[in-house]
Amino acid sequence: MTRHYNFSAGPAMLPTAVIERAQQEMLDWHGSGMSVMEMSHRGKEYMSIADKAEKDLRDVMSIPDNYKVLFLQGGASAQFTMIPLNLLGDKDSADYINTGVWSKKAIAEAKRYCTVNVVADTSEGGFSTVPTQESLQLNPDAAYVHYTPNETIGGVEFDYIPETGDVPLIADMSSTILSRPIDVSKFGMIYAGAQKNIGPAGLCIVIIREDLLGKASASTPAVFNLETQASNDSMYNTPATYSWYVAGLVFEWIKEQGGLAAMGEINQRKAEKLYAVIDGGDFYGSPVAKNGRSWMNVPFTLPDADMDAAFLKGAAERGLITLKGHRSVGGMRASIYNAMPEAGVDALVSYMHDFAKNQG
Ligand SMILES: *Cc1c(COP(=O)(O)O)cnc(C)c1O
């Protein structure tokens, strides 16, 4: 058996220890005589799995008691619609920060329901920077401010949390949740598709301050109503039971690694190693301004796009896979979420040095 270092942006690597644990428990979970996939979501076995996952996530992220944690389906993309449906209340506009592909998709969906004020837009620079706090043209009447702390495709990450006064801040943390400690109390709502830094696809985690629930527009479908989901413990309909279980194993794994403080140190070190190679000569380049560089998704270019195929082929020969950049950006992208071992980054760094030397 060989496990490659898989730099996919998502679905992405899971910790090997988590997959092994799922494998051990596959046919018979804790003497229940059932696989988790076969359990009733309302049975005592599954309820204990679901409760423990939520409790561990609350511990790991220090989520305050006045926040609900939901385990939903439809991915982060469903939230692009659910946010305006649930949070506009009696307001008719919302503020959005546009920093890349995912922000744009969130904006396009919100426009179906309300006036979207784009309060900062970095498209002119090719989405390579983070707007400053001072440049945000915030509206005090907005229902909320939405932003994407880490743009997965562009590899652009905010180095600060926007200050929005009394207007709730909503963050699409799909590709940065659990990468380091964050202060949840600064947010009205945090959401994240699971397949990057949480677990298998099929699950979207929503962390929402309780006072923001109960404002859904009358046309909101029940499964898309956050209050309905919250008052049914995310079991208004059958949840993505297996993905939820594996996410729980990932939360346990994070605790064993020393929690988010430890993850943050490792992630920073991993990212710095890659940026050091990129900046260390004139062979590799980064499209992203230095203060906006992501710890999780590291895009880089070679001197000539004609070299890309050879780079990818040589990488694959060393077991370094899925390094091709997103089709909209080109170049390379190394996604290095929590589950990417530091040894995987070291292997990529050493391959990058060798490739540059052989071409140079
Ligand atoms: C992957 C991603 C999404 C889309 O997630 P789905 O689960 O496919 O809907 C949205 N936002 C960000 C920042 C992402 O990285």
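Start by selecting Thr-220: apart from neighbours within four places in sequence, Thr-220 is in contact with Leu-85, Asn-86 and Asn-225, where contact means heavy atoms within 4.5 Å. Before going on, note that this is a predicted model, in which local features need pLDDT of at least 70 and side-chain atom pairs count only at pLDDT 80 or more, while totals for chains, interfaces and linings use all residues. Residues are numbered from 1 along each chain as its sequence is written, and side-chain values use heavy atoms, with hydrogens and water left out.

**Stop 1: the loop between β10 and α5**

Stay on Thr-220, which is found in the loop between β10 (204–209) and α5 (226–231). Helices (H or I, at least four residues) and strands (E, at least two) are DSSP runs, numbered from the N terminus. Thr-220 has 10% relative accessibility and so counts as buried. For this label, buried means under 20% relative accessible area, exposed means over 50%, and partly exposed lies in between, with a 1.4 Å probe and protein chains only. Show the side chain of Thr-220 as sticks: one of its polar atoms lies 2.7 Å from the backbone oxygen of Ser-217.

Now click on Ala-222, found in the loop between β10 and α5 as well. Ala-222 counts as partly exposed because its relative accessibility is 31%. Leaving out residues up to four places away in sequence, Ala-222 touches Thr-228 and Tyr-236. For a longer view, draw a C-alpha to C-alpha line from Ala-222 to Ser-185: they are 37 residues apart in sequence and 27 Å apart in space.

**Stop 2: α3 against α4**

Next, select residues 75–87 (α3) and 101–110 (α4), whose axes come within 8 Å and cross at roughly 40 degrees. That angle makes α3 oblique to α4. Axes here are lines fitted to C-alpha atoms, for helices over the stretch in contact, and angles run from 0 to 180 degrees between N-to-C directions. Angles under 35 degrees count as roughly parallel, over 145 as roughly antiparallel, 65 to 115 as roughly perpendicular, and the rest as oblique.

The α3 and α4 crossing is right-handed; a crossing is left-handed if the near helix is turned anticlockwise from the far one by less than a right angle, and right-handed if clockwise. To see the contact, colour Ser-77, Phe-80, Thr-81 and Pro-84 on α3, then Trp-102, Lys-105, Ala-106, Glu-109 and Ala-110 on α4. By class, five residues in the contact of α3 with α4 are nonpolar, two are polar and two are charged. Ala, Val, Leu, Ile, Met, Phe, Trp, Tyr, Cys and Pro count as nonpolar, Asp, Glu, Lys and Arg as charged, and the others, Gly among them, as polar.

Zoom in on Glu-109 in helix α4. Its side chain makes a polar contact with the side chain of Thr-81, at 3.0 Å. A polar contact is a pair of N or O atoms within 3.5 Å; within protein, one must be able to donate a hydrogen and the other to accept it, and residues adjacent in sequence count only if both atoms are side-chain atoms. Not counting residues up to four places away in sequence, Glu-109 touches Phe-80 and Thr-81.

**Stop 3: two partners of α6**

Move to α2 (residues 44–61), which packs with α6 at an angle of about 40 degrees, their axes 9 Å apart. α2 is therefore oblique to α6. Their crossing is left-handed. Residues making this contact include Tyr-46, Ile-49 and Leu-57 of α2, with Trp-244, Tyr-245 and Phe-251 of α6. The contact of α2 with α6 divides into 10 nonpolar, two polar and five charged residues.

Keep α6 (residues 241–257) selected and add α7 (residues 259–279): these pack at about 75 degrees, with axes 7 Å apart. α6 and α7 are therefore roughly perpendicular to each other. Here Trp-253, Ile-254, Lys-255 and Gln-257 in α6 meet Gly-259, Leu-260, Ala-262 and Met-263 in α7.

**Stop 4: backbone details**

Which peptide bond is cis? Select Gly-10 and Pro-11: the bond from Gly-10 to Pro-11 is cis, with omega near -10 degrees. Pro-11 is found in the loop between β1 (5–6) and α1 (16–24).

Two serines finish the tour. Ser-62, in the loop between α2 and β2 (67–72), has a positive phi of about 45 degrees although it is not a glycine. Ser-62 counts as exposed at 55% relative accessibility. Ser-234, in the loop between α5 and α6, has a positive phi of about 65 degrees, although not a glycine. Ser-234 is buried, with a relative accessible area of 3%.
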